[in-house]
Structure formats: C-alpha cells, structure tokens
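Trainee: Could you take one part of this protein and walk me through it slowly, starting at its edge and working outwards to whatever surrounds it? I would like to understand how a single piece is placed in the whole.

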Amino acid sequence: MEEIEKLNKTVYRNLEQILLKLDNRLDLKLHAFVLDEDQKVIKTMRVKSILSDEEGQELEVFQEILTGITEFAEKVGFLNDEWETPTAILQFFCNATTTGLNEKYSALNNVSTDITEDQEQEDGTTTTKQYRKYSDEWNLLYTNYFDVDLLKNVFRIKYVLSIECMDSSAREIFLEKPQLSLLRIILDYYFKDYFQLDEGQELILNENTDLENQYMENHVQFLQRMVRIFFGKAQDFISKGSNLNDMINEDEDEDLSNIVTNQYYINNLLEKIDGISTRTYEGANPFGCMLILGEGLLGNLELINYSIRFENTHPINLEDARRIRKLLELTNSENDLYLIADDEFIYGIGKVNWDFVQDNMIFKIEFKGISKYDLVLVTVEERKQLDASVVIEQESKILKMTTSFEIVSRKLCSIAFKNPGIGSGEFSSELFERTMRTEFKEENPEITDEQIETLRMVIKKATEQQSGTMVVITSVKTAEDELKKLKKQSTAIIPTEISPEFIKHLTSIDGAIYFDITGNCHAIGVILDGLADENLGDASRGARFHSAYRYLEKLKKYEKGKKACVIAIISEDGMVNLIPEQANEAVVRQLVVEMIGYIKKKRGSDDPSIEQEILESERRLEIIAGEKAIDHHHYFKIADVFFEELLYLEASKYYTRGLKGSNRFIIRYVRDLALSFLRYAASLPKQDENKLPMYNEALTQFNLLIENSSESELMSNDYNCRAISLHRIGEWENKKELFNLALLDFDKALELQKIGIRYVMYTNRGSLHKTMGNPELALNDFISAEIEKSRVKQIKWIELLIKSDSHLFIQAIDRYTEIKGSNKDIANLEEVLKKMGSETFTNHPDVTASLEKSGLISITDYAETQGVEL
C-alpha cells in the first residue's frame, strides 16, 4: 500500500530529525506492522535512512518489507526467544507496553559479556586475555501506534522504535523514572499531538494523502514546545510536593497515555529559568547552581542549612532575573552552596543535609553560560555493601556492615539557546571505558581499571577550563616517539602523574595535554600536526576537532603499523567529544562515504596510498562490525561502487556481506553478486587456476536466483549468464552434459528477450554450438547476431567458419538471400561474402553458383576484370 509507505517515511523522517536534534549520536530503527480491522497482519516493514544515489542528496528514507511477524520480532531484537507460534508473537507486540518491551528485551540480551581470547606470543607461547564485549546496554525500545482510514478501511500501524547509542543516564531515566524522561514525553506527544487527528483519534490525510502537522511546526519548534511542557510537568511535581515513591507507584504507561495536560502549558518555570540564563553580571556569563524543592521542604531546617535566608515576606521572585543573576555569583557547586528555591521564589542561599533527603524530589538548575543550563534530578541512594560480616557478641550473631549513601545527579535535560538535549553530552564514564578498551585492546600489559579512572578524572577536570582544550592519550612508546617529533611545537615535561586538581590550570594555554595510558603526562601546550585529505573532515565542526582528527589519522597510517590513540576534544562550554567516535550510524555513514571516495579514485591511478586507504577503511569497518551490526545497505552501497569501477572481486565480497547481514533473498543483489563472480572469472587469464572456482560461484548464485524468483522477476540475461557459466565450466571439466543445460538456458533467454541484446545471446549460443561441434548451428547464430546488430566479432567468426568449409559458405549465402531486401543492415555481411567469394570462386563451382544466384557476384564481369578464363 503506497499510502502506508508514504506515511511511514514521513513518520520516520520527522522522528529522526527530532532525535538527532536531541543527541546527534542517536540511531533510530523504526519497525512497523499493519493490522486490518480483523486484527490480521497485512504487512510488516522496517524504515530507515540509507545513503542516497541522487546527486546532491546525502540520505533518503527507505522502507524495507519484511517477510512477516517472525522476522519483525528478530529485527527488533527478540531473536533468542522461542515463540510458540506467529500468533503468540503478534499478541505480544500488540499488547506490549514500552516497559514490558524493554524488560523482555533486557532478559533476552545480556548487556555485556566477558570474552576470553587466546593470543599467541612471539616466543610461541600462548597467553589468555580477557576483555569485555559490550552489546546493547545503550539501546532502548518504545512502542506506540497510529490509526488511519484508507479507502473506508481503518488500519492500525503499530510501531516499535529501537533507539541505539543512548547515554546510560538518559536510558536509566527513561526506563526507571519515565515521568521524568524528556525523551519519553517527546515520543508520547509525537504520537498523540504532532500530527492532526480527528475525533476518533485517527490520522487526517490531505488530498495528496500527506500527513498534516497539528500546529504547523518543524522539529525544532516541536522540541521547544516539548521542553516547555517538560519544565511545566516538573513544576507541577514541585508545586504538589510529589516525591519519588509517588511516581514509582503510578502505572506509568497508563499515566503517560493521557498526556495532554493543560497545566503543563500554563506553568512557566522554563521562561523564568531562561530569563536568568540570558543575563550577564559585569560582563561575565552566568554560572552557578539553584536547587528547586517543594514548598513544604523549604522550612525543614534539618534538610536545608541556610547560610543566608531572606525575610519570609521578601523572597525574591524567580521572574526577577537581573537580581537572581547577581546572586548566582554567591553559589559554589563544588562546596554544595546553592540558591534555594521553589517554583516561584528564591528563599535564600544554603546547603542541603543529604542524609535527610530520603525520597524527596530535588531538582537542580546548573547554569552553564549564556542561555545554557541543565535540569538535574538529585537523589540519595544506598550503595551496595561489600563489607558485611557476621560477628558473635554476647552469644548472639550480629550482621555488621557500613551503610553508605551516594548523592546521585542525573541530568534530565540540557538547554542551549532554547533547544533541548538529553544525556551527558558526548562523554560519559561508560563511553570512555568502552573507547579505551577498544582502542588499546592490543596493549600488553592491558590497561587497568585504575588507569582508565585516572585518565577519566583528567578529562573531567579539563572540562572545568572554560576556553576549551584537548587531551591526547597514547601508549607509552607512542608518547615517547611522538613527543620527539613534536618537541618544537610543545612543552615537554618529565613523564609524571599529574594531580587532577592541577589539570584545569595546565590546560589553560593553547594546545593539547599529552598523556600515556598509565596516566603519566608527557607534554603540555602540544600543537598537533596531521595531513589534510579531501575525503576526511566535517565542515560543521571546528578547528580543534579537525586538528585532532588529522592527527589521529596520521597515527593510523604510521608506516610500521597503526598507533592506538584516543583524543578528548573539550569545547568552551565543557562538552566533550571522544575520537575515535563511538560507532553509531553517523560514524558508519561517514566511513562508508570516505571509502567510496577512495574506491572511485582507484581506477586509473597507480598511487599505492589509495589502496592503503581502502584497506584502512575496511579495517575500521571490521572493528565496528565487531561492536554493532552494520546495516546491510552500507555493504551494498560499497559493493555497487566496486562494481561500477570494474573491481568485481571486491564487489562480490561486499555483496556477500550485505546479503548475509540482511539474512534474506534480495533479487537485485543476488543478481549483482552472480554477475560479479562471472565478470571477474571472465577477466582472468585463460589458464588462471581461480577461473573455474569463480565460474562455479557464479553458477551457484545464478541457480539461487532462478530457483527462488518468479518468472516475472527474472530477466533474460539471468538465463544468458547462467548458460555462459555452464558453458565455461563444461569446457574446464570436459562435462558435455553441461553444454545441453547451457543450450536450454540460451533458448530461454532468447525466448524472453524480444528486442535489445538478442545479438549478444545469439553470439553466446553460437560460441556454444561451435564448442559442441555444431558449425552449421553456430554459423546460423552468428549470422542472426549480425542481423540484429553488426559487430566485428561476429564477422570474424562468420569469416572463419565459411573459410573452413564450402558447405558453410553456401549456407551463409542462402541465409543472406533470405534476408536480402529487408530493412536489416547487412552491409558488412554482404561485404565479407563478396570478399570471400572473389577469393574462392574458381576453386568451388558450387559456391560460385550460389554467389551468382544470390546476386553477390556476376561471374562474367568478375572474370573480365580479373583476366580469368571461364
């Protein structure tokens, strides 16, 4: 149904824009199935973005039809479950809530696995190395639906969104405290309040069957509306004095389905906070912290330790932005000194006695500069005890342990110039550990948890430096070698561990700070070098990013092997980018685009560096494939470019990977894979030992194609190419029975091909007849090919055959006579017959008679001109 495909693409396109605006690392996979009024599945599909073939268009939305509800479940990630029947699968997904989906998904997919790997050493011994392989700990699922009336039938389109590369903090909030999840509100409102719905809550389509936005807003405006609602909801919690237990006890899925609450629109906490964030004080940008609590907690002097408390009759209204901006100068986050407020007033400056917080809800506003601030949920949570022991005192057994509580700050959202974001930005301890262990996997001895934590603290402290900086991390050997080369553009120091407290000051000068993986600092103020490349870079990123990226690329291309390196790029607002970047869809796309650029440069070039770049791109793809599943369309895209550049062996490798990744039969790519094998085999020298295996691979794929496709899906060339494979294999292996099979395929190809490339098929069949020892049939096919389209190749075959046997010459003349006078272009055939006749007429009277009868030659005239006596 074209209308549903169109609808799905619109739903996906808008959702992807919204999610990427929230966090540009997020990957969206949209799966859907369509139910009719009888609750029968009529279609299942997956919608995604792929690299576009259109010039000037980078991406396009593509709908991939799935085979049914079972494949749907597998694509969503429920591969390991043993469903009883497809009906059971359908019932589960029809009834599943978002919470239920994620609980089942978590049960089926372990978040991480310890992998043991044996590594052979240079001395021949083997050591066992253990490392952690991460799987889907940053993924989450969400489900909702749209109802739509098409041709007086109401269909329900049930969607399951898989959102990958989620920040762990944002994921935890989404799953465990959904009422405080900005992402959850955005998704709920998207399905209930983004598109126009009628009174029956069915989608309204215009005359072009397009969806109409409810408020004529784009994705940016929608997000700004959502963050206002989110702050309005937080304000509602504060004003009602809600605590965390109140939310846990609610049925979140039922609560969130009734989402359009007018009070959230009326509340104006966002405008108040935003007004404060836009103020400067004596030219300085706003930095500082504010705690927002329920009114009932403000007078609890056990909980709040006021350093300054305003008179009860003169609290400061939150709308007094200029005054509050001045008071922010008195706060100090490191010393837990905050402005104390509810949703309307500031009551003083003080600290919180965290041991009295219990289940009370405390929000923190962290101001990060002009129009930048974070909304943070602060809780106190008991930590797992590891020191429990049983002791006997006065004949009684007593369990003794130390009870510890952790003050946990979870960022609910960040605001920058009215635009919301989620998660902790580009940097988190989980992401850093994962990147370090991936990049330095080959280090011996392996990097330790303590070393990772030391380096994480270095980066964390570097974010406090307000001018931005870079932290470079390499192996000890690489650091030593590189600093020798960079000594003229750095301040080298004796390698030493630096106290994290000093990092803020050491990074205040231009340039990077250079560490090895043990935590020792080797240099400060390092100006990184690197080589520019037309296929690398991102025009939307700044100079610091490109400097780091070029340096990283230089280390990858080191002549003695890749040098592992991780660089933290810290911007002025404290945001951190880690490179190599986490393997999300954007990173994979960029890598594929770069690789395609190198492939296109390869043809006609003898530059060995291009081949090295392709190999490096392949290596990086292999690494990513070990971390996450790469969409099969990326492999197909690479394969298509190899195919276009006549690099058929490389094309076959990527078509194979794509088909394996798709786990399905895709006619176009099976056909292209078969053609890749066939053309590569044909390109090899005649006696090359790989020629036969390649023809066999081609035959296997053409068999697969023809046996699994309907007659309407097949092309005449499919039979033509299978026949060629059979012919060549039969020649190599001297299997005459394969010739008969090839002959049947050539006949089928010519039956299907009414116009166009019939001349190719006639030539191919003629070549087969020649191999089979049927020169008459071969000659007939070559002449038929010449009649379709004149080519030198065919003329040469005709000339060789008629020269070898006078009977074949007469056959060719008779065939010429049959078609003479038609509108076919047979001038070249006529010319070769005349030429051959003039050379042989005196030796073969029967040929001479046929020539004169056909009008090709007048024997009398010819004899006179040549002085030959008849």
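**A close look at strand β2 and its surroundings**

Mentor: Let us begin with Gln39, which counts as partly exposed because its relative accessibility is 46%, a value between the limits of 20% for buried and 50% for exposed. Please keep in mind from the start that this is a predicted model. Gln39 sits in the loop between β1 and β2, and its phi is near 65°, which is a positive value in a residue that is not glycine. A similar point can be made about Gln358, which is not a glycine either and has a positive phi of about 55°. Gln358 lies in the loop between β13 and β14 (362–369), and with a relative accessible area of 60% Gln358 is exposed.

Following the chain on from Gln39, we come to the strand itself. Ile42 lies in strand β2 and is partly exposed, with a relative accessible area of 39%. If we set aside residues up to four places away in sequence, Ile42 touches Met1, Val34, Asp36 and Phe155. Take Phe155 from that list: Ile42 and Phe155 are 113 residues apart in sequence, while their C-alpha atoms are 9.6 Å apart in space. Contacts that reach across the sequence can also be counted for the whole protein, where, among contacts between residues at least 6 apart in sequence, 65% join residues at least 24 apart.

Now let us place the strand among its neighbours. It belongs to an open sheet of 6 strands with mixed pairing, in which the order is β3-β2-β1-β7-β6-β8. The edge strands of this sheet are β3 (59–65) and β8 (202–203), each of which pairs on one side only. Strand β2 (residues 41–51) and β3 run antiparallel and are joined by 7 bridges; as an example of how residues face one another across this pair, Lys48 has Phe62 in β3 as its bridge partner. Helix α19 (residues 585–602) packs on the sheet and touches β1, β2 and β3, and the direction of α19 makes about 60° with that of β2. The sheet also meets a helix from the beginning of the chain, for helix α1 (residues 2–22) lies across β1 (27–35), β2, β3, β6 (140–150), β7 (153–164) and β8, and α1 runs at about 150° to β1.

The loop that leads into α19 deserves a short pause. Pro580 lies in this loop, between β25 (576–579) and α19, and the peptide bond from Ile579 to Pro580 is cis, with omega near 0°. A cis peptide bond also joins Asn444 and Pro445, where omega is about 5°, and Pro445 is found in the loop between α14 (429–439) and α15 (449–462).

Let us return to β2 and ask what its charged side chains do. Asp631 forms a salt bridge with Arg46, and the closest N and O atoms of the two are 2.9 Å apart. Because Arg46 is in strand β2 and Asp631 is in the loop between α20 (608–627) and α21 (632–644), this pair ties together parts that are 585 residues apart in sequence. Both ends of the bridge fall under the 20% limit for buried residues: Asp631 is buried at 10% relative accessibility, and Arg46 is buried with a relative accessible area of 8%.

For another salt bridge, look at Asp781 and Arg765, whose side chains meet at 2.8 Å, N to O. Asp781 lies in helix α28 (residues 775–788) and Arg765 in helix α27 (residues 758–771), so here the tied parts are 16 residues apart in sequence. Asp781 and Arg765 are both buried. The bridge at Arg46, in turn, is part of something wider, since salt bridges that share partners join Arg46, Lys48, Glu64, Glu71, Asp631 and Arg664 into one network.

Finally, we can step back to the whole protein. A search of the entire structure finds 55 salt bridges, and the secondary structure comes to 33 helices and 25 strands. Of the 870 residues of the protein, 51% count as buried. Within that whole, strand β2 is the piece that we have followed: it is bridged to β3, touched by α19, and tied through Arg46 to Asp631.

Methods. Residues numbered from 1 in each chain as written. Predicted model: local features only at pLDDT ≥ 70, side-chain atom pairs only at ≥ 80, totals over all residues. Heavy atoms only, no water. Pairing = 2+ DSSP bridges. Helix = DSSP H or I, 4+ residues; strand = E, 2+ residues; numbered from the N terminus. Contact = heavy atoms within 4.5 Å. Axes fitted to C-alpha atoms, helices over the stretch in contact; angles between N-to-C directions. Buried < 20%, exposed > 50% of the residue type's maximum accessible area, 1.4 Å probe, protein only. Salt bridge = Lys/Arg side-chain N within 4 Å of Asp/Glu carboxyl O.
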